[in-house]
Amino acid sequence: MNDQTVSSPLELHHPAREELVLAQVLFALSDPGRLEIVLQLTEGPLEMAHCQLHDPSLPKSTKSHLMKVLREAGVIRNEPRGRGRVLSLRRDDLDHRFPGLLDAILKASSSPEASPRRLPGA
């Protein structure tokens, strides 16, 4: 059994580095909520319960779905730890498979041009 195989109900499938698909990674990073999670994970692993979204009114199921899309695309790892789960960014795998992609997306998302622009008088 390899490390990518699900061995218990608590462990989730994570695609192997070689299985990462550019279109799926780009799709996962295209949503502002998912990108927000990735930005938090650039600081290091985070307990799933401590991962916050700007809109606290979002249902827990929506937050879980955002993380599922990121995990299935290979952007994050979601592993059991004690009674909780720990999220981590798969930076090494992404940088190996798509050199410079993650840094370019993170840099673009943190630039002033990435913020929604308000129209005059709005």
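**A nonpolar core and the elements around it**

In this predicted model, the largest nonpolar core holds 26 residues, and those touching the most other members are Leu29, Ile37, Val38, Leu70 and Val75. At least two residues of this core come from each of helix 1 (22-29), helix 2 (32-41), helix 3 (60-73), strand 3 and helix 5 (101-110). Helix 3 makes the largest contribution, with 5 residues.

Val75 offers a convenient place to look into this core, being among the residues that touch the most other members. Setting aside neighbours within four places in sequence, the contacts of Val75 are Val25, Ala28, Leu29, Val38, Leu70, Ser88, Leu89, Arg90 and Leu94. Three of the names in that list, Leu29, Val38 and Leu70, also appear beside Val75 among the core residues that touch the most other members.

It helps to place these pieces within the chain as a whole. The protein chain contains 5 helices and 3 strands, and their order from the N terminus is α-α-β-α-β-β-α-α. Of its 122 residues, 36% are buried. Among contacts with a separation of 6 or more, 59% link residues that lie 24 or more positions apart. The accessible surface amounts to about 8,000 Å², and carbon and sulfur atoms account for 56% of that area.

Helix 2 is a good element to follow next. This helix is mostly covered, with 7 of its 10 residues buried. The buried set consists of Gly33, Arg34, Leu35, Glu36, Ile37, Val38 and Leu41, and thus includes the charged residues Arg34 and Glu36 by name. What do these buried residues pack against? Their partners are helix 1, helix 3 and helix 5, together with strand 1, strand 2 and strand 3.

The meeting of helix 2 with helix 5 can be described in some detail. The two helix axes come within 11 Å and cross at roughly 105 degrees. Because angles of 65 to 115 degrees count as roughly perpendicular, helix 2 is roughly perpendicular to helix 5. On the helix 2 side, the residues involved are Leu35, Val38 and Leu39, and they meet Leu102, Ile105, Leu106 and Ser109 of helix 5.

The strands, for their part, form an open sheet of 3 members in the order 1-3-2, with antiparallel pairing. Strand 1 (46-47) and strand 2 (76-81) are the edge strands, each pairing on one side only. Strand 1 runs antiparallel to strand 3 (residues 84-89) and is joined to it by 2 bridges; here Glu47 has Val86 as its bridge partner in strand 3.

On the other pairing, strand 2 and strand 3 are antiparallel over 6 bridges, with Asn78 standing opposite Leu87 of strand 3. These two strands form a hairpin with 2 residues between them, and Gly82 in the turn has a positive phi of about 65 degrees. Is strand 3 enclosed or open to its surroundings? With 5 of its 6 residues buried, strand 3 is largely enclosed by the rest of the structure.

Terms used: Residues are numbered from 1 along each chain as its sequence is written. This is a predicted model: local features need pLDDT of at least 70, side-chain atom pairs count only at pLDDT 80 or more; totals for chains, interfaces and linings use all residues. Side-chain values use heavy atoms; hydrogens and water are left out. Two strands pair if DSSP finds at least two bridges between them. Helices (H or I, at least four residues) and strands (E, at least two) are DSSP runs, numbered from the N terminus. Buried means under 20% relative accessible area, exposed over 50%, partly exposed in between (1.4 Å probe, protein chains only). Contact means heavy atoms within 4.5 Å. Accessible areas come from the Shrake-Rupley method with a 1.4 Å probe; for residues, only the protein chains shown count as cover. A nonpolar core is a set of buried Ala, Val, Leu, Ile, Met, Phe, Trp, Tyr and Cys residues joined through side-chain atoms within 4.5 Å. Axes are lines fitted to C-alpha atoms, for helices over the stretch in contact, and angles run from 0 to 180 degrees between N-to-C directions. Angles under 35 degrees count as roughly parallel, over 145 as roughly antiparallel, 65 to 115 as roughly perpendicular and the rest as oblique.
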